[in-house]
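Student: I'd like to go through this structure with you. Could you explain the terms as we meet them?

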Amino acid sequence: MWSLSNIAKSIDAWLYEVLPPTVALITEMVIVGLLAITLFALLGLILVIMERKVAAYMQIRLGPNRVGYKGMLQSLADTVKLLMKEGITPAGADKMMFNLAPFIAMITAMLLLAPLGFARDLHIWDLNIGVLYVTAVSSLSVISILMAGWSSNNKYSLLGAMRSGAQIVSYELSAGLAILTVVVLTGSLQMSEIVQSQANGWWLFKGHIPAVIAFVIFIIAVTAETNRAPFDLAEAESELTAGFHTEYSGMKFALFFLAEYINVFIVCAIGATLFLGGWMPLHIGNWKGFNHVMDYVPSSIWFFGKTFFLIFVIMWFRWTFPRLRIDQLLNLEWKYLLPISMFNILLVTLIAIKGWHF
Amino acid sequence: MFLIDYIKDIYGAVKSMAIGMKRTAYYFTHHKEIITQQYPDNRAELVLPERFRGEVVMSHTDTNEHRCTGCTACELACPNGTIKIITKFDVSPEGKKKKAIDKFIYHLELCTMCNLCIEACPTNAIQMAQNFEHSVYDRAQLTKVLNRPGSMLEEGVE
C-alpha cells in the first residue's frame, strides 16, 4: 500500500544500493534537511494566512482577500516583500550576536522536528529519549530571544527579552509536568512507543480526568512558551513596540516571525502526539465498522489534522483573551498551574500504578 | 476556607474563559456578522449610518432659494473659524434695504464636523452631508462657497 514510510524506505534502499554507505548517509541527511526547510517554508506560509483569516473572522472582519483566491497568496506576497527589504543592523548593536540570534531561533525550531512521528513509521530520528530531548531543546529558544534583546541595544528589546526569560523559565515547569503525566502512563520516553500505546484509545480519553487536566495545562503552558497571546508580553505590540525583535528588519525579522509559527506547529505536534495519539486514527471502543473506516484515512492526515486542530485552538486563545500583566502571568504559573500539575501528576502516578487507566 | 476559595477562583476563571471563547467561536462560524465594507467596490450601494457627518452643505430649493438669513449664529458657534459669512444689503422694489448673505464661506480643511453650526442655525439653512471623499490636489479647492450664485432667501424666512 502507498504510504510515506514506504517511499522513504525505497529511497533509502536505492541510495544504499548505488552509493557507498557514508555517502548515502550524507545524501539522506541533505535530503532530510531540505525537506525540513521546505516544510518550514510551507508551514510559515500556511500558518500566517491561517492566523490572519482566523483573526479576521473572530473579529468580524474579512481579512486578506485581494491576493490570489480569497487572499490565499497574501503570505507569499508578504514574504517576497520581506526578502527585498534591507536588513539593518543598528549602530550600537552587538553585531555578531544580533545577526546570530534569528538563526538560533530557527535552528532550535528545526532540532525539535527530529523526534516527531509524521506518519506511520516515519520519523527523522526516533531516539529513545524523544520526550526528554524535546523538553531540553525547546528551552534553548529562550537563548535566542535573550540574545536578540540584549544585542539590540534598545530598552524595549531588553525589557521584552527579560520578560520572555522569566516567562519561559517558569512555564517550562508546568509544561514539563504535563508531558510527564503521559510519560508516567506510557512508561516510555520514545515518541513512537507513546504513539503505539495509544492504538486502543488516546491518552486524553484513556487517562480519565487527570489526563484532561494535564492536556489543558499543557496547552496553556506551551502557549506561554511560544510567546503567543495572551502571554505575548515579550512582544507586546502596544507597550514594547515589538519586544525582542523591535530592531530587526527584512529577512532576519522574517526568521523570528517564522520561528514563532514553527514553534507553534511543533508544540502542537507534540501535544497531538502525547495526548491525541499522533498519527493513530480515532478508534472508539468496539465499533468495528467505524474503526475500519477511520483506518482508511492516511496516518499523515491524522497527524496534521490533529496538529492543525491544536494550532487553531491556540489561535482561538490568541484572538479571544487580553494580554496578561507580568505579575498575573507569574501568579498563574506559580500559584495555579504548578501546584495543580504537581497534584495531578501524583494522581496520574496512582492511576498508572494501580492500572486504572483503560 | 483557603482551598474552597482556590477552587472557586479556578472555576470562575475557566467559566469566564469559556464564555469568551464561545463568543469568538460564534463569530468565527457566523460569517453573516462580518461588518467589513468593501469600500471602493461597493461605492454604488454604500450605506452610511444616519449620524455620519461628512461636510456642511446649504440646501437650495428648485427655484434656487436658500434659508440663510445671514444671522452669523453658525459663525459664532464654530469653535475653529471654519465659517465666514459676508453680508450685503439687497434693495427691494419698494426701496427698502434688506440684509442678505453675499457669500457663505466654508473652510472644509478647518472643519472638525462637530455639528455645532447646524445646531446653532435658527432657520435650518445648513445641514450635514454624508459625502466623505474630500481629497483634492489643491487645498484652495477646500474653501467652498455654500450659497449658489444668484440664489435668494426663501420667502417667509426671517
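Tutor: Here we take a few labels and check each against its cut-off. This is a predicted model, where local features need pLDDT of at least 70, side-chain atom pairs count only at pLDDT 80 or more, and totals for chains, interfaces and linings use all residues. Residues are numbered from 1 along each chain as its sequence is written, while chains are lettered from A and ligands numbered from 1 in the order in which they are written.

Student: What makes Ser139(A) count as partly exposed?

Tutor: A residue is buried if 20 or more other C-beta atoms, placed from the backbone, lie within 10 Å of its own, exposed if 12 or fewer, and partly exposed in between. Ser139(A) has 16 C-beta neighbours inside 10 Å, so partly exposed is the label. Ser139(A) sits in the loop between α5 (130-138) and α6 (141-151) of chain A.

Student: Which residues does Ser139(A) contact, leaving aside neighbours within four places in sequence?

Tutor: Ile168(A) and Glu172(A). Contact here asks for C-beta atoms within 7 Å, again placed from the backbone. Val169(A) is 30 residues from Ser139(A) in sequence, with their C-alpha atoms 7.8 Å apart.

Student: And why is Ile88(A) called partly exposed?

Tutor: Ile88(A) has 13 C-beta neighbours inside 10 Å, so partly exposed fits there as well. You'll find Ile88(A) in the loop between α3 (74-84) and α4 (95-111) of chain A.

Student: How do you know that the span of α14(A) agrees with what a helix should give?

Tutor: Helices are DSSP runs (H or I, at least four residues), and strands are E runs of at least two, numbered from the N terminus. The expected span is 1.5 Å times one less than the number of residues. For the 20 residues of α14(A), 299-318, that gives 28 Å, and the end C-alpha atoms are 29 Å apart, so the two agree. Buried residues of α14(A) include Trp302(A), Phe303(A) and Ile311(A). Among the elements covering them are α2 (21-58) and β1 (117-119) of chain A.

Student: Why is α3(A) called oblique to α12(A)?

Tutor: Their axes, lines fitted to C-alpha atoms over the stretch in contact, have angles from 0 to 180 degrees between N-to-C directions. Under 35 degrees is roughly parallel, over 145 roughly antiparallel, 65 to 115 roughly perpendicular, and the rest oblique. These axes come within 6 Å and cross at roughly 135°, which makes α3(A) oblique to α12(A).

Student: Which residues of α3(A) meet α12(A)?

Tutor: Thr79(A), Leu82(A) and Leu83(A), and they meet Gly250(A), Met251(A), Phe253(A) and Ala254(A).

How values were computed
Contact = placed C-beta atoms within 7 Å.
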